[in-house]
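Q: I am new to this structure and would like to learn how to read it feature by feature. Could you take me through it slowly, giving the general idea before each case?

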Amino acid sequence: MFDPETILERLGGIAHGAQLQGFGIDRPTLSKAARAGRIDRIRPGLFASPHLPDTVRHAASHGGALTCSGALRAHGIWVLADEGQAHVWVGRRGRAYEHEGCRCHSHYFRGPVPLGCVNVETALVHLFQCEGDESFFASLESALHLGRLTRPALLRIRAALPAYARWLVDFADASAESGLESLLRLRLHLLGLVLATQVTISGVGRADFVVGGRLIIEVDGRQNHDGQSRRHKDLVRDAAASALGYETLRFDYAQVVHDWPAVQAAILAALARLAELS
Ligand SMILES: [Zn+2]
Ligand SMILES: [Zn+2]
């Protein structure tokens, strides 16, 4: 006979008692495993593996499934939002339960609520409704880059968006290596600028973006800049690019996310300068 821990792991870390009983595990065995701390009893009839991530456990305690940015983060997708409250999908008429440390945000979207964590497709649709187009676009491109969406899933996401936002799916591609690149590309597109992405320039290397043929834009999405050697490489690249007639602008996370007007002003001024020179 299988033990409850093994079955729970195979079911994704969370299951109803009835599901577990379907695998031949009777109630006394479940109670015994819960008392021994080998499995957790989230509420009557709902059990979880002790290895279930805390965010997913909180969502289950709250009465639903983890969705939006928390779910995307759990799937390894880039998200713009800081890790704050858990967003929990409880269904159209679901019930939200107060639990220890509850700071959850309940979502009452329609549809069948899974146990645990929603899939990438559902989390993206919810994220659009919850946080809007930029957050959605950055996470969508991250999911595409990581190969986490099939073509049919992408089309379902597109159909689930309001008509005015569907172009975001058409505009998205798999090239962006960080959400910052996605944000920058989207915002510059909205300014009417055409960007070439991931451009290989002989003698320089690969640039994140080239605008107007002569402006290189690099975004640094790394959380920990790996110090002097990285900085030296950047300086060597910038010098090589300058010798070839390129101007380089570099921006980091804080600038793109928290100080966009300064980023935009720097890019537009550089483009104006380059236009004057040519
Ligand atoms: Zn809660
Ligand atoms: Zn949400």
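A: Let us begin with a term that will return often: a residue is called buried when its relative accessible area is under 20%. Please keep in mind throughout that this is a predicted model.

Q: With that cut-off in hand, is L184 buried or exposed?
A: L184 has a relative accessibility of 0%, and because buried means under 20%, L184 counts as buried. L184 belongs to helix 10, and, once its neighbours within four places in sequence are set aside, L184 is in contact with F209, I217, V219, V256, W260, V263 and I267. A separation along the chain can also be set beside one in space: L184 and A81 are 103 residues apart in sequence, and their C-alpha atoms are separated by 16 Å.

Q: Which helix 13 residues does helix 10 meet, and at what angle do the two helices pack?
A: For a pair of helices one reads the angle, the distance between the axes and the residues that touch. Helix 10 and helix 13, the latter spanning residues 260-277, pack at about 60 degrees with their axes 12 Å apart, and their crossing is right-handed. On the helix 10 side the contacts come from L184, R187 and L188, which meet W260, V263 and I267 of helix 13.

Q: How is helix 7 oriented towards helix 10?
A: Helix 7 (residues 133-145) packs with helix 10 (residues 179-190) at an angle of about 125 degrees, the axes lying 8 Å apart. That angle makes helix 7 oblique to helix 10, and the crossing by which helix 7 passes helix 10 is right-handed. The residues that meet are E134, F137, A138 and E141 from helix 7, and G179, S182, L183, R185, L186 and R187 from helix 10.

Q: Why does the spacing of contact residues along a helix deserve attention?
A: An α-helix has 3.6 residues a turn, so residues three or four places apart point the same way. With this in mind, look at helix 6 (residues 120-131), whose axis comes within 7 Å of that of helix 7, the two crossing at roughly 160 degrees. Angles over 145 degrees count as roughly antiparallel, and helix 6 and helix 7 are therefore roughly antiparallel to each other. In this right-handed crossing, V120, L124, L127, F128 and E131 of helix 6 meet D133, S135, F136, S139, L140 and A143 of helix 7.

Q: Turning to the metals, which residues coordinate the zinc ion (ligand 1)?
A: At a metal site one looks for the donor atoms, their distances and the angles among them. The zinc ion (ligand 1) has as protein donors H62 (ND1), H99 (NE2), C102 (SG) and C104 (SG), which lie 2.1 to 2.3 Å from it. The angles among these four donor atoms run from 100 to 124 degrees, and the site is tetrahedral. Along the chain the donors follow the spacing H-x36-H-x2-C-x1-C. H62 lies in helix 4 and C102 in the loop between strand 5 and strand 6, so this pair ties together parts that are 40 residues apart in sequence.

Q: What surrounds the helix that supplies H62?
A: H62 itself is buried, with a relative accessible area of 4%. In helix 4 (residues 54-62) the buried residues are V56, R57, A59, A60, S61 and H62, and they pack against strand 1, strand 2, strand 3, strand 4, strand 5 and strand 6. Just after helix 4, G63 takes a positive phi of about 105 degrees.

Q: What are the donors and the geometry of the zinc ion (ligand 2)?
A: The zinc ion (ligand 2) is coordinated by C68 (SG), H87 (ND1), H107 (NE2) and C130 (SG) at 2.0 to 2.3 Å, and its site is tetrahedral, with angles of 96 to 123 degrees among the four donor atoms. The spacing of these donor residues in sequence is C-x18-H-x19-H-x22-C. H87 lies in strand 5 (residues 87-89) and H107 in strand 6 (residues 105-107), so the pair ties together parts that are 20 residues apart in sequence. H87 is buried at a relative accessible area of 11%, and H107 counts as buried at 7%.

Key
Residues are numbered from 1 along each chain as its sequence is written. Chains are lettered from A and ligands numbered from 1 in the order in which they are written. This is a predicted model: local features need pLDDT of at least 70, side-chain atom pairs count only at pLDDT 80 or more; totals for chains, interfaces and linings use all residues. Side-chain values use heavy atoms; hydrogens and water are left out. Donors are N, O and S atoms within 2.8 Å of the metal (3.2 Å for Na, K and Ca); water is not among the atoms, so sites may look incomplete. Four donors count as tetrahedral if all angles lie between 85 and 135 degrees; four count as square planar and six as octahedral if opposite donors are over 155 degrees apart and all others between 65 and 115; anything else is irregular. Helices (H or I, at least four residues) and strands (E, at least two) are DSSP runs, numbered from the N terminus. Buried means under 20% relative accessible area, exposed over 50%, partly exposed in between (1.4 Å probe, protein chains only). Axes are lines fitted to C-alpha atoms, for helices over the stretch in contact, and angles run from 0 to 180 degrees between N-to-C directions. Angles under 35 degrees count as roughly parallel, over 145 as roughly antiparallel, 65 to 115 as roughly perpendicular and the rest as oblique. A crossing is left-handed if the near helix is turned anticlockwise from the far one by less than a right angle, and right-handed if clockwise. Contact means heavy atoms within 4.5 Å.
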